[in-house]
Amino acid sequence: MLTTRVPATPVHPSTGRLRPLGLAEVRITGGFWARRQQTNAAATLPHIAHWLEREGWIGNYDLAAAGRLPDGRRGREFSDSETYKFLEAVSWELGRRPDPALEATFRRFVSRVEAAQEPDGYLNTAFGRPGQPPRWSDLAWGHELYCLGHLFQAAVARERTAPGADDGLLGIARRAADLICEVFGEDGIQSVCGHAEVEVGLAELSRVTGEQRYLRLAELFIERRGHHVLPEHEWGRAYFQDDLPIREATVQRGHTVRANYLAAGAVDVAVETGDADLLATLRRVWDRTVARRTYLTGGQGSHFQDEAFGEDWELPSDRAYSETCASIASIMFSWRLLLATGGGGYADLIERTLFNVVATAVSHEGDRFFYTNTLHRRAPGEMPDQDAPSPRAFSSLRAPWFEVSCCPPNIARTLASLAGLVATVDDNGLQLQQFAGCSIATSLPDGTPIALDVETAYPENGTVTVRLRESATRPWTLSLRVPSWAHGATLTHRPAGGEAVTIAVVGPTAGVTAAFTEGDVVELELPMAAEFLHPDARVDAIRGCVAVQRGPLVYCAQLPADSAVDLDRLVVSTATPPRYVDGRVVVRAGWLPAADEPWPYTGTAGVPPATGEEFALIPYQDWGQAGLCTMRVWLPEA
Ligand code: FUB
Ligand code: ZN
């Protein structure tokens, strides 16, 4: 077990198998994620600030400070949380690189929030004033604690990237946390927030401040839920994960964002309290959820009405809700399990989700977003209003903002803090968990310094080159994750001035143990042939279909809205393997007849053989970039 110094990273457990590296230790320098981070900074953050302002969601704090609420309050009851996620994103961004203008924006936003805080620490623009519902009067739907959870995470991000800064955000968070410790502590209100999130915020705030009361409250919230402490609801208590105690859970259920934030907070509590049973339960829950309730993209949630997980194997492509926030929350859950346990497929799911949901949900330009991430878009829908918030799942095009806009700032905070997911260390060495062009400088727990650069064109190709920049005082192990999709990976060690040794890799990691010297190179070669994937027969909705994946990228078929042919007529042959050509994957295709059978259940239509015709698939993350379209990931097999 490790004891750690504080890295500037969203999660910093006091104990665990692996220590995460912070933004000062890992700098993403080039390639896919560097481009995404630049766009996040240059386009997404200003875009979010603009919409928070124009929708009045930050203005709500000004109204509160001026005593003018509730009249004129705008946005949903949880709109405060978007300001906090934005502040978190900006904190991580400022931790990546100083920017005086962004710093000034950050401080202005914080002052406006601070002005709205009540003397006793209460902070929420939707509750508690004359004419508003009383504080804590609607725990099931009010989101007061949910909003505070995001406030706490923002304050943690700021404190970790700018320790002791005088902007006041940490003080705001502490006053609010102290208040809820009184109100919801052992002798307080015996209930929980309908939307989990405060638990992760409290756990991390406890880690930053050393305040054990915050961790204890997180624990109380985790333990209370599941005992029917929230009112009955037409979608069932599972919606709030209040159907059964977390220790009895076998799989994720109910609202996907809530379920994953809760699970992430529960890992934090399990780790900090040394609760091995709870941790083991959460691992089992993760395993079954990934095996039975997760889309190929890593997305989760197949119900629109309640934004929820379906039953086991209920994964319809065209009803994939797969909310962007759910995937980010799932990354939070996976990352915590990885740090706690050291392995188990968590980093693989993070990679899948990052490349196929997070990277898909934001446009290449950084100013348009998907809220839901369907795997099959049958109708192109309409061009989203460019000057007003959009509904959630109505178009094949990304929208600038939503009436419920939880996803855009969630993407922003994830991309700004992405370096925190790249690498970990333990007593033996350093583990590369995600592949990105980056520069790493850190030390092992015994002080052994490590400095290296990673070069890669991932995910275009699977070569990952690590150049050691520091000679070691003792042997240590450099481990690289080998994704489960990579068959036949090899690892080569080229000692500076020595003879190269190449080994075939077996298992989920590849490692070299050596007293590395400056100039040593370690190269991982991940074969990236495009492959057909067949679903488990129990995923009824896609039985008889195949999908294509190359490296970490899922591919899809897309046709423009004005296409003369209907995408639902496309069938593919798996007799010929898919070919990768200049960023696209070509498959052999055929087409179902254009004319309808009078009744589709007679089984007489048959599936035509695929012709020699070739059809080019594009990376799923790029769909909907080029205009209104139809799209599908799972393709009927000829
Ligand atoms: O309730 C707050 C957020 O709004 C949820 O996490 C999303 O699913 C959306 O409903
Ligand atoms: Zn969302």
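A polar contact is a pair of N or O atoms within 3.5 Å. In this predicted model, a polar side-chain atom of Glu307 lies 2.7 Å from an oxygen atom of ligand 1, which is inside that cut-off.

**The ligand site**

Contacts of this kind involve the residues tabulated here.

| Residue | Ligand partner | Distance |
|---|---|---|
| His195 (side-chain N or O) | oxygen atom of ligand 1 | 2.7 Å |
| Glu307 (polar side-chain atom) | oxygen atom of ligand 1 | 2.7 Å |
| Glu323 (side-chain N or O) | oxygen atom of ligand 1 | 2.6 Å |

The protein buries 95% of the 280 Å² that ligand 1 exposes when taken alone. The shell that surrounds ligand 1 comprises Phe78, His143, Tyr146, His195, His255, Val257, Glu307, Glu323, Tyr371, Arg392, Val404 and Cys406. By residue class, six of the shell residues are nonpolar, three are polar and three are charged. Residues of this shell come from both domain 1 (31-224) and domain 2 (238-416), so ligand 1 lies between the two domains.

**The antiparallel sheet**

Turning to the strands, an open sheet is built from seven of them, arranged in the order 2-6-7-8-13-10-11 with antiparallel pairing. Its edges are taken by strand 2 (26-30) and strand 11 (501-504); each has a single partner strand, so one side of each has no neighbour in the sheet. On average, neighbouring strands of this sheet are turned by 15 degrees against each other, with direction ignored.

Within this order, strand 6 (residues 437-443) and strand 7 (residues 449-456) are joined by six bridges in the antiparallel sense. At the residue level, Ser439 has Asp453 of strand 7 as its bridge partner.

**The mixed sheet**

Another open sheet consists of five strands in the order 1-4-5-9-12, and its pairing is mixed. Strand 1 (19-20) and strand 12 (509-514) are the edge strands, each pairing on one side only.

Inside this sheet, strand 4 (residues 423-425) and strand 5 (residues 429-432) run antiparallel and are connected by three bridges. Val425 is positioned opposite Leu430 of strand 5.

In both sheets, the following principle underlies the pairing. Strands of a sheet pair through backbone hydrogen bonds, in either a parallel or an antiparallel sense.

Key: Residues are numbered from 1 along each chain as its sequence is written. Chains are lettered from A and ligands numbered from 1 in the order in which they are written. This is a predicted model: local features need pLDDT of at least 70, side-chain atom pairs count only at pLDDT 80 or more; totals for chains, interfaces and linings use all residues. Side-chain values use heavy atoms; hydrogens and water are left out. A residue is near a molecule or strand if one of its heavy atoms lies within 4 Å of it. A polar contact is a pair of N or O atoms within 3.5 Å; within protein, one must be able to donate a hydrogen and the other to accept it, and residues adjacent in sequence count only if both atoms are side-chain atoms. Accessible areas come from the Shrake-Rupley method with a 1.4 Å probe; for residues, only the protein chains shown count as cover. Ala, Val, Leu, Ile, Met, Phe, Trp, Tyr, Cys and Pro count as nonpolar, Asp, Glu, Lys and Arg as charged, and the others, Gly among them, as polar. Domain bounds come from an automatic or database domain assignment. Two strands pair if DSSP finds at least two bridges between them. Helices (H or I, at least four residues) and strands (E, at least two) are DSSP runs, numbered from the N terminus. Axes are lines fitted to C-alpha atoms, for helices over the stretch in contact, and angles run from 0 to 180 degrees between N-to-C directions.
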